[in-house]
Amino acid sequence: MLILGIDTSCDETAAAVVRDETTVLSNVISSQGIHHEYGGVVPELASRAHLSLLLPAIESALHQASCEPDGLDALAVTYGPGLAGCLLIGLTTVKSIALAMDKPLVGVNHIEGHLFAGRLADGELDPPFIALVVSGGHTQLVHVERWGTYHILGNTRDDAAGEAFDKVARLMRVGYPGGPVIDRLSRDGDPGFLDFPRTYLDPEGFEFSFSGLKNAIRMYLSKQSEAEIDRDLAHIAAAFQEAVVDVLVDKSMAAAASVGVDAVLITGGVACNGRLRERMTERGAELGFKVVYPPPILCTDNGAMIAAAGAYRFRQGQRDGLSLSVQPRARLSAYNGGLLNGQSGQSGQSGKVRSGGQSSNRSSGP
Ligand code: KG4
Ligand code: ZN
């Protein structure tokens, strides 16, 4: 089964071809450098960039996979969560191609895509397991009971972990996106240089908060001279990173113990972080949990994870119609996708996209 997967939820224009849920044949990511000068993603610029980058990315994904468009079994695309205008470009483009080529369309939740990056990275990763989804937009602990059945154990109450990296990097004036820069700087720093606050909220719970830490850094920086900040940059970065990593590791391990699973997946852009990977692996080994983290290209936003999740959903019978709409605030839940009462939903028996087809009955709530 060959699936084309598209993600345009934020600032990466991504297209990939995956065989089944397991084999990446191509994974093309066009990063939009345009946002660097603003220190963050500018939604309107991102959607315009998707418009010009998406078709070339799709062409190159097909070419690299040596796949003729006719050979595709289905087209999978992120419908949410993400930036509305950005999602719209991906969904409209893929709907048009599906209609023109008479191919089935499968809408994919972006967070479920991040979970399937684990499946692509480790074919032996089978539920149940705990997933820590840490990106620029999300910090979530998910109990993956089965593929398709997810229980959200905790979310962030304010900034996502990646957002905290980006904002602190901006405060430190070290560039954007902040995560990779702070990761790199920290390698030469002492994580014990300063004891920034670790916010555990309810110690028994799985909710996160990073805005207090960000403010502590803001306060600290405001009391230092520029020369002092320059001198201690690596140490400040390492101390900040350690505070984030401590909480992520502790809560992930506690979640795995409380649910009684033996594996933890870390996924999403922040899962590229070297210190997080190292500490998670160490603690996992101590406590007897297998820790899985995908290679960086599958951690940050990419089309292969959407294709893999789409392949799974396609196999389950999900088919979406042309009225599938973007859901910028879509939540990961035990949703039924285009499967209504176990029936393949809205596109008739062939599963091909038809104009006027009914949309799947998605609800944005859990
Ligand atoms: O998953 P992703 O590509 O996009 C979203 O869905 O948000 O994640 C992007 C986020 C950014 O905030 C970026 O700073 C962070 O992931 N990131 C990292 C690292 N690489 C990317 N954070 C910490 N360490 C890294 N090495
Ligand atoms: Zn993401």
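Lys 214 counts as buried in this predicted model, because its relative accessibility is 10% and the cut-off for burial is under 20%. Lys 214 sits in helix H6. Its side chain makes a polar contact of 2.8 Å with the side chain of Asp 159. Leaving out residues up to four places away in sequence, Lys 214 touches Asp 159, Lys 167, Val 168 and Leu 171.

Helix H6, which holds Lys 214, is also among the elements that give two or more residues to the largest nonpolar core. That core has 46 residues, and Phe 240, Leu 248 and Leu 276 have the most contacts inside it. Besides H6 (211–222), the elements giving two or more residues are strands S6 (129–134) and S9 (263–267), together with helices H4 (161–172), H5 (178–186), H7 (226–259) and H8 (274–287). The most comes from H7, which supplies 15 residues. In general, nonpolar side chains tend to be buried together in soluble globular proteins.

Leu 248 shows what surrounds one of these core residues. Apart from neighbours within four places in sequence, Leu 248 is in contact with Leu 132, Val 134, Thr 139, Ala 161, Phe 208, Phe 210, Leu 276 and Met 280. A second core, separate from the one described above, has 34 residues, including Phe 116, Val 142, Val 292 and Leu 298.

The next topic is the metal site. The zinc ion (ligand 2) is coordinated by NE2 of His 110, NE2 of His 114 and OD of Asp 301, at 2.0 to 2.1 Å. Along the chain these donors follow the spacing H-x3-H-x186-D. Both histidines belong to helix H3 (residues 110–121), where they are 4 residues apart, about one turn of the helix. His 110 counts as buried because its relative accessibility is 4%, and His 114 is buried as well, with a relative accessible area of 0%.

Why is the site of the zinc ion (ligand 2) irregular? Its 4 donor atoms make angles of 92 to 148°, whereas four donors count as tetrahedral only if all angles lie between 85 and 135 degrees, so the upper end of the range rules that class out.

Ligand 1 is surrounded by 21 residues, of which the closest are Gly 136, Asp 166, Gly 179, Asp 183 and Gly 269. Asp 183 has a side-chain N or O atom 2.9 Å from a nitrogen atom of ligand 1. From Gly 269, a backbone N or O atom lies 3.0 Å from an oxygen atom of ligand 1. For Ser 135, the distance from a side-chain N or O atom to an oxygen atom of ligand 1 is 3.5 Å.

Conventions:
Residues are numbered from 1 along each chain as its sequence is written. Chains are lettered from A and ligands numbered from 1 in the order in which they are written. This is a predicted model: local features need pLDDT of at least 70, side-chain atom pairs count only at pLDDT 80 or more; totals for chains, interfaces and linings use all residues. Side-chain values use heavy atoms; hydrogens and water are left out. A nonpolar core is a set of buried Ala, Val, Leu, Ile, Met, Phe, Trp, Tyr and Cys residues joined through side-chain atoms within 4.5 Å. Buried means under 20% relative accessible area, exposed over 50%, partly exposed in between (1.4 Å probe, protein chains only). Contact means heavy atoms within 4.5 Å. Donors are N, O and S atoms within 2.8 Å of the metal (3.2 Å for Na, K and Ca); water is not among the atoms, so sites may look incomplete. Four donors count as tetrahedral if all angles lie between 85 and 135 degrees; four count as square planar and six as octahedral if opposite donors are over 155 degrees apart and all others between 65 and 115; anything else is irregular. A residue is near a molecule or strand if one of its heavy atoms lies within 4 Å of it. A polar contact is a pair of N or O atoms within 3.5 Å; within protein, one must be able to donate a hydrogen and the other to accept it, and residues adjacent in sequence count only if both atoms are side-chain atoms.
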